[in-house]
Amino acid sequence: MSSILSVPEIAFKLYAIMDPLSILPYLIAIYEEFNRNSQTKISWNFLVNKLSIAVTALLVFFSLLGGPLLAFLGISVSALEIGGGIILVYLGVDTLGGFQQLKFLSSRIEEAIITPIATPLIVGPGTMTALITLTVNNNLLILILGSLLAALLVYLSLLLGPIIIKILGNTGTVAVGRFMAIIIAAFGVQLIINGISQIKLI
């Protein structure tokens, strides 16, 4: 049974997996290019607000879906942890490569806010897998609270994005994002270890 103390832990795990700092330099670059080349200007706050609403809705949706989905599919906890762990390890390694595909979205950023920026770049397969896995040891209220706190952290990171870039620079911001990738991979490895432990292989 989880407690309210689990909320920050859940939020940090989800925040690390969503890793908004990794896409921040690219997002700001295409935002500035869009406003230079388009007659229709959008504000940074509008972009962040729309992104954050989508991220919050997706997190809550998959928090609600996790438990019933496990029951419906009849998937064991150990199988879910091993499978989810493999996905997260892959995601952590893949995140180290950056998000160069965002550079091709500058001409249609308003359409791209939801897809592919909000999902799958921020709330992607790794986040969905983590949420479903977290339903095993956490009750629904705790999971939703953790998801909402993670969404708030993403919102603040994006809202303060231009300031973060000025302080850390593009290289520093990407470096912090790469550190988050290590956290993602470590979380995945821990899930694999937990799953294997339950089937008595170690």
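Trainee: Which helix gives the most to the nonpolar patch?

Mentor: Happy to start there, bearing in mind that this is a predicted model. The patch lies on the surface and is formed by L152, L153, L156, L160, I163, I167, L168 and V176, with about 670 Å² of accessible area together. Two or more of its residues come from each of α7 and α8. With four residues, the top contributor is α8.

Trainee: Is I167 buried or exposed, and why?

Mentor: I167 sits in helix α8 and is one of the patch residues. Exposed means over 50% relative accessible area. I167 has 66% relative accessibility, so I167 counts as exposed.

Trainee: Let's turn inward. Which residues have the most contacts inside the largest nonpolar core?

Mentor: That core has 48 residues. At least two of them come from each of α1, α2, α3, α5, α6, α7 and α8. The residues with the most contacts inside the core are M18 and I122.

Trainee: Which residue of α6 does I122 touch?

Mentor: Leaving aside residues up to four places away in sequence, I122 touches M18, I23, L51, V55, I117 and L158, and T127 as well. Helix α6 spans 125-134, and T127 is listed among its buried residues. The α6 residue touched by I122 is therefore found by matching that span to the contacts: T127.

Trainee: How many residues of α6 are buried?

Mentor: Buried means under 20% relative accessible area. In α6, G126, T127, T129, A130, L131, I132, T133 and L134 are buried. The helix is mostly covered, and of its ten residues the number buried is eight.

Key:
Residues numbered from 1 in each chain as written. Predicted model: local features only at pLDDT ≥ 70, side-chain atom pairs only at ≥ 80, totals over all residues. Heavy atoms only, no water. Core = buried A, V, L, I, M, F, W, Y, C linked by side-chain atoms within 4.5 Å. Buried < 20%, exposed > 50% of the residue type's maximum accessible area, 1.4 Å probe, protein only. Contact = heavy atoms within 4.5 Å. Patch = residues over 30% accessible without salt bridge, like charges linked within 9 Å, V, L, I, M, F, W, Y side chains within 5 Å. Areas by Shrake-Rupley, 256 points an atom, 1.4 Å probe, with all protein chains shown as cover. Salt bridge = Lys/Arg side-chain N within 4 Å of Asp/Glu carboxyl O.
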